Amino acid sequence: MKRTISVILSLTLILLCFSSCGTKGGLKGTHHVEMIIRDYGTVKIELDGDEAPLTVENFIDLCNKGFYDGLTFHRYVKDFVLQGGDPEGTGLGGCESSVEGEFSANGIKNTIKHKRGVISMARNQFDYNSASSQFFICLRNSCSADLDGQYAAFGKITEGMEIIDKICESVPESDCIPADQQPVIETIKVID
C-alpha cells in the first residue's frame with residue numbers, strides 16, 4: 001500500500017512539473033504594451049493572443065524579462081516596414097528561443113492583415129519557425145499583399161503611429177541603419 005501511494009505521489013509530481021515547466025501553450029486574449037522610444041515618445045500596442053497565442057506569449061515574456069530595453073530599430077524600408085528587436089542591431093541577432101510561425105503558409109490560421117500599424121514577427125525567409133525577438137511595424141496598407149500568410153502578425157498600434165512616422169522621417173532607408181542613428185527602445189512595458 002505504501003509503495004502504491006509513493007508511486008502515485010511521484011507520478012503526480014512529475015505531471016505537475018511537466019504542466020508548469022513544459023512547453024508553452026500560448027497566451028490567449030487581448031493584451032496591451034507600451035513601447036517607449038528615446039527622444040520620440042510612447043507607442044501603445046494591442047496584442048491579439050487569439051490569432052497568435054504563441055507569438056504573443058513569446059513577446060510578452062521577452063518584455064517582462066527586459067529583453068527589449070535598450071535595443072534599437074535597425075531596419076527601415078520606405079512605405080513598407082520599420083524593424084527592431086535585434087540585440088546585435090544588425091538584423092542577424094535574436095533571443096535564445098524561437099517560436100512557431102503562426103500564419104497560413106505554416107498551416108496555422110491567422111486573420112490579421114498586414115496593414116498600417118500592424119506589428120508582426122520577422123523571421124529567416126527559409127525557416128517558417130525561426131521568429132525570435134525581431135519584430136516589424138507595417139507602414140502602409142499595401143504591406144498585406146507581400147506579408148499576409150507568410151509572417152505572424154500579432155497586434156496593432158492603437159496610439160502613437162505618428163511617432164513611428166516621425167522616426168521614419170528622421171532615419172535613412174537601410175537594411176541596417178548606421179548604429180549611431182538607430183532609434184532606441186528604452187523599454188516595452190506590459191500593461192495587461
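The largest pocket of this predicted model holds about 470 Å³ of space. A pocket here is an open set of points on a 1 Å grid over the protein atoms alone, where a 1.4 Å probe fits and protein stands on both sides within 12 Å along at least five of seven lines. Points are joined across faces, edges and corners, and the volume is the space filled by probe spheres set on them. The lining counts 23 residues, and Q83, G91, A122, R123 and Q134 lie nearest the centre. A residue lines the pocket if it has an atom within 4 Å of a point. Strands β3 and β4 are the elements that give two or more residues to this lining.

Some ground rules come next. Residues are numbered from 1 along each chain as its sequence is written, and side-chain values use heavy atoms, without hydrogens and water. Because the model is predicted, local features need pLDDT of at least 70 and side-chain atom pairs count only at pLDDT 80 or more, while totals for chains, interfaces and linings use all residues.

**The sheet**

Eight strands form an open sheet, in the order β3-β4-β6-β5-β7-β2-β1-β8, with antiparallel pairing. Strands (E, at least two residues) and helices (H or I, at least four) are DSSP runs, numbered from the N terminus. Two strands pair if DSSP finds at least two bridges between them. Which strands stand at the edges? They are β3 and β8; each has a single partner strand, so one side of each is left without a neighbour in the sheet. Neighbouring strands are turned by 25 degrees against each other on average, direction ignored. Such angles come from lines fitted to C-alpha atoms, for helices over the stretch in contact, and run from 0 to 180 degrees between N-to-C directions.

Start at the β3 edge. Strand β3 covers residues 72–77, and five of its six residues are buried. Buried means under 20% relative accessible area, exposed means over 50%, and partly exposed lies in between (1.4 Å probe, protein chains only). Five bridges join β3 to β4, residues 81–86, and the two run antiparallel. F73 has G84 as its bridge partner in β4. Three residues lie between the strands of this hairpin, where D79 takes a positive phi near 60 degrees.

Move on to β6. Strands β4 and β6 pair over four bridges, again antiparallel. L82 stands opposite I137 in β6. Three bridges join β5 to β6, and I119 also stands opposite I137. In a regular strand the side chains alternate between the two faces of the sheet. Both faces of β6 are covered: F135 and I137 are buried on one side, F136 and C138 on the other.

Two helices pack here. Helix α4 lies across β1, β2, β3, β4, β6 and β7, at about 120 degrees to β2. Past the end of α4, in the loop between α4 (161–170) and β8 (185–190), sits C176. Is C176 buried or partly exposed? C176 counts as partly exposed, at 37% relative accessibility. C176 touches H74, G89, T90 and Q182, leaving out residues up to four places away in sequence. Contact means heavy atoms within 4.5 Å. C176 and Q83 are 93 residues apart along the chain, yet their C-alpha atoms are separated by 9.7 Å.

**Salt bridges**

Side chains of opposite charge can pair when their charged atoms come close. A salt bridge here is a side-chain nitrogen of Lys or Arg within 4 Å of a carboxyl oxygen of Asp or Glu. The count comes to seven. Three of them are listed here.

| Pair | Closest N to O | Separation in sequence |
|---|---|---|
| E34 and K44 | 3.9 Å | 10 residues |
| E186 and R38 | 3.3 Å | 148 residues |
| D79 and R140 | 3.2 Å | 61 residues |

What does each pair join? E34 lies in strand β1 (residues 30–37) and K44 in strand β2 (residues 41–48), so this salt bridge ties those parts together. E34 and K44 also belong to a network of salt bridges with E159. E186 is in strand β8, and R38 is in the loop between β1 and β2. D79 is in the loop between β3 and β4, while R140 is in the loop between β6 (135–138) and α3 (144–147).

How covered are these residues? K44 is partly exposed, with a relative accessible area of 30%. E186 is partly exposed at 36%, and R38 at 38%. D79 is partly exposed at 37%, and R140 at 35%.
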